[in-house]
Structures are given as C-alpha cells and as structure tokens.
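Okay, thanks for having me, everyone. Let me put the model up on the screen and then talk you through it.

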Amino acid sequence: MTVVVTMPMIGTAQAWRDAARGLINANIPPCDVSWGDETAPAGLWDSPPPPCTGKVLTVPKEFLSIARSVVWHSDPARFSLLYQVLWRLRDTPGLLQDRADPELARLRQLQKNVHRCQHKMKAFVRFREIGSPDDPRRSFAAWFEPSHFTVEPTAPWFARRFGDMDWRIITPSVTASFIDGELRYAEGQSKPPLPEDASEQLWTTYFRNIFNPARVKVKAMQSEMPKKYWKNMPEAAAIPDLIASAPARVRAMNDAAPTLPPLRVEKVQQQLAQLPESVWSGNADALRAEISACTRCPLHCHATQAVHGEGPMDAALMIVGEQPGDTEDLAGRPFVGPAGKLLDQLCAETEVDRSKAYITNAVKHFKFKPRGKRRIHQQPSTTEVEQCKWWLDAERAAVQPRVILAMGASAALSLTGNGKDMRNRRGRVHQLDDGTPVVLTFHPSYLLRLQDPDAREAATDLLRTDLTRAHQLAQNLAVRITPDGGGAPVRAAPQ
Ligand code: URA
C-alpha cells in the first residue's frame, strides 16, 4: 500500500522531519511513499501508516543541515530524495562520506541552490513604505519572486536586521510578516499594488551617478544581479539605457578631456614622490621571490616557508587574512586549510570567484607554538604585523586592487593601523591614503571557533554580507556605504 504524505507550504521543515521520522519508525520503504507539496495541514497521512516499530534512527548532523535547506527547494522530487537518502543511512551510516554518491551529489546541489536563493533574497528585496506617518512603528512591504521557497528560512534574518519596524515580504507561495516584533507566515498572494517609495527616484539618480560608463561589465553585472530580479528593483529600470548609452558617454568623456593637466596633478605628483620606499616597483615574480626570501623578522626561523599572495596581479579585489596556518605553511599557498575551505564556501554562496581575487595575508610566515606533534597557531604581535606590512604594501602597489577585504584584527591592524574592536568595526569601510576602500570583516577562523550555532550563523551572515559588498564595490556596482556597516547591496533597506 502506498502512503501519501502531503507537505504544507508553511512549516515544511518540521513537517518533513516529523513525517520522515514516522515513516522510518514504521519501516516504510521509499518505494511505498508518495510525497506531495500542496498546501495542506502539516504531515497529512492520506493513508494510515503501518504501526510504528519504535526504532529510533540517529542521523549525522550534516544530513539534518542538508535536509533543513533542501526542503525549501522547488524541485518536486526533493522530499522523496531526502527520504531515500535517510532510508539508506539506516544501513550505511558512513554514506555522507561517499563523495561519488549521485543521490548525495544531487542533494548537495539542491542545498547550494537554496543557499544561493537565500543570498539573492537578502540582497534584492526592496521594501516600500506603506504605513502612515501617525503609526507608532514605520511599516514596509516588499514583493519578491524567489526561485525556491526561501521566505520562511530567510525571514528570521530580516527580523534580526529590521527589528525596529513592521514589514511584510510577499511572495507567490508564502508571505512573511513581522508585526510588533512577531514573525508570522501566511499563504502567498499575487503581486499587490505597492506605492512608489519617495526615495525611489533619489535611489535611481544615485545609481545613475555612480554608474561608470567606462567600466561596464555587462556579464559580471548580470551574474551579480540576474535579470529576473530587475523588475522589482527601482534602480534596475535605468540599467538598459545606461548600458546602451555607455559607449557614447565614454566617447564624450574622451572628447571633453582637458588638454591641460588638472590643477591637482602637481600635488599628486609631489605625494607620489614622497611615498615610502616599500612601494614595490619591480615585477610580480621578483616580488614573490623577495617575499619567499624574507628574513625581516624572527618568524622565518621556524616556519617552513613564507607564503606570498596568490591571484591575478590585476585583481580588482584583494582579500587579506592574518597569517598562513599549519596547512598553508606546508603547502606554501594562502587559505587552503580549514579557514580557506570556509572562505571557498562563502565565495561560492556569494558568487565571488576566488580565482579572480588576489588573496594574501598580513603576515607571511606561520607563527606557532609546538605542542607535542602539533603546531598551535599564535596570533602575530603588533611588531610582527608592522614588520610584514612592508610586503603587504608592496603587494598592494603591484596589484593596485580597487577594493580590499580585511579579514580579522591583524589584517585590519596592518591596513588601518588599528586592529581593535572588530566586533563593532566589522562592516565599516575604511579609506586608505590612496583612496582604496578597505571593507573590515571577521576572519573565517573566528567563525570556526564559535561554539554556539546561532552566533556562528549570525557571524557567517555578516561575513557573507561584507564579502558581497567588497566584491560589488570592486565590480563597480551600486553599493551604499553606511557608517554602521549594515549591508545589503544596492539599497539596503528602509531606514
Ligand atoms: N588564516 C589566514 O589568515 N590565512 C591563511 O592563509 C590561512 C588561515
């Protein structure tokens, strides 16, 4: 007999978990279960299951985390695929380690799609004010069309961010509303007639002004801000015209270029002449060779090798960490150990192409304390960071990035002269003397050290936001820089 289980649109994660647990306990194989996802009461059993065997299955945390995301995917086969893998986990507890398993590979792909969709939602939801000036709390609404059912798992993020206002995010499948501090979900609806926001015109004007016709990269723009989101973003209406008129505007800019040097040239040249000696003027290979041979401080005595930066020498984005860890020290490459894996994951989720960024560290040698056979990471001292700044300055001079992402206190110390108070300073954009913006953020290792899953998730969200912001600044997309470092790209949120 086939058991038909219908999943609700709201509370799907818990409903799937309850239903799957019941089915497993009742020993019902995947081939006897038919899953549906119509709007219906949670976990409706269309045909009664056989009696429960009472057996309790323990599953790896990783599977739970995959399931928590995959249930929100729009693929109708997601529930049965999850149940199929859960069923197999009974007899093969090590199944998740099998990287070649096609069902697991599919689940991981679905999980990635959901993460990406959540990220897009955080970036592209545009609120419009709907309340009246007399209301005690300001009130906003946004219409959004996500590719997957990501309203419910993403709404808590909006609640954390915009906790001091009432808002609704309306989508075709589910509506999330946050009223008087309470988050609720209801059925979705069709697009409501939302009023034009008074700040919309201002925003479009701002977008037009920061748009640089000489640096148009249509592909990069579209992969960052896919066209399907444009219709709900006020500033996007200006994009086709801006792209179409870019060549003519560049020609006009060239024609209008002054024939006499601008007044500032003399001043800038004087400043250039005074730049400290450490500014690198040799080629990239020579720079790497010099870094590898560095003996500027005693750290070189114990480390296996110096680890110089890696990436294109014309990268628009430079990412700076602290110092190589144990794995990096042995491999001679930055960010290839656990922190590097997390960085890779965050890059994938935010669609930042790591291979296009120049990745380096504030300190080029691994500082550690031996403990038995292990080498325990030690934070570099202020003096060591300052000694090594010579190399970071040289890398900056060679690469000339448009934006730098400083991850952690040592990177912040080297680049801004202050490595303190990162919890408050993260998200801020510091400007270097040459005008390069430095986005300050957490170090991935800090996230790995956080024990509390909620704290870790919140910090990961912030690092993702800062990575996106730095990337978008580098891509010359519109990013509003707010002094508090809040950070959805383009237009963060109602204020
Ligand atoms: N942590 C860093 O700061 N840099 C690395 O390269 C690896 C870990």
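I'll go through the ligand site, then the largest pocket, then a salt bridge.

Quick housekeeping: this is a predicted model, with local features needing pLDDT of at least 70 and side-chain atom pairs counting only at pLDDT 80 or more, while totals for chains, interfaces and linings use all residues. Residues are numbered from 1 along each chain as its sequence is written, and side-chain values use heavy atoms, leaving out hydrogens and water.

So, which residues sit around the ligand? Among them are Gly321, Gln323, Phe335, Asn361 and His443, where "around" is a heavy atom within 4 Å. By class, that shell has four nonpolar, five polar and two charged residues.

Now the polar contacts, meaning N or O pairs within 3.5 Å. One ligand nitrogen atom is 2.9 Å from a backbone N or O atom of Gln323. The side chain of Asn361 has an N or O atom 2.7 Å from a ligand nitrogen, and for His443 a side-chain N or O atom is 2.6 Å from a ligand oxygen. The ligand taken alone exposes 240 Å², and the protein buries 94% of that (Shrake-Rupley, 1.4 Å probe).

On to the largest pocket. Its volume is about 1800 Å³, counting the space filled by probe spheres set on the grid points. For the record, a pocket is an open set of points on a 1 Å grid over the protein atoms alone, where a 1.4 Å probe fits, with protein on both sides within 12 Å along at least five of seven lines; lining residues have an atom within 4 Å of a point. There are 40 lining residues, with Ser65, Gln111, His115, Gln345 and Arg464 nearest the centre. They divide into 12 nonpolar, 11 polar and 17 charged.

Last bit: a search of the whole structure finds 27 salt bridges, each a Lys or Arg side-chain nitrogen within 4 Å of an Asp or Glu carboxyl oxygen. One of them pairs Arg88 with Asp101, closest N and O atoms 2.6 Å apart.

Terms used: Polar contact = N/O pair within 3.5 Å; in protein donor to acceptor, adjacent residues only side chain to side chain. Nonpolar A, V, L, I, M, F, W, Y, C, P; charged D, E, K, R; others polar.
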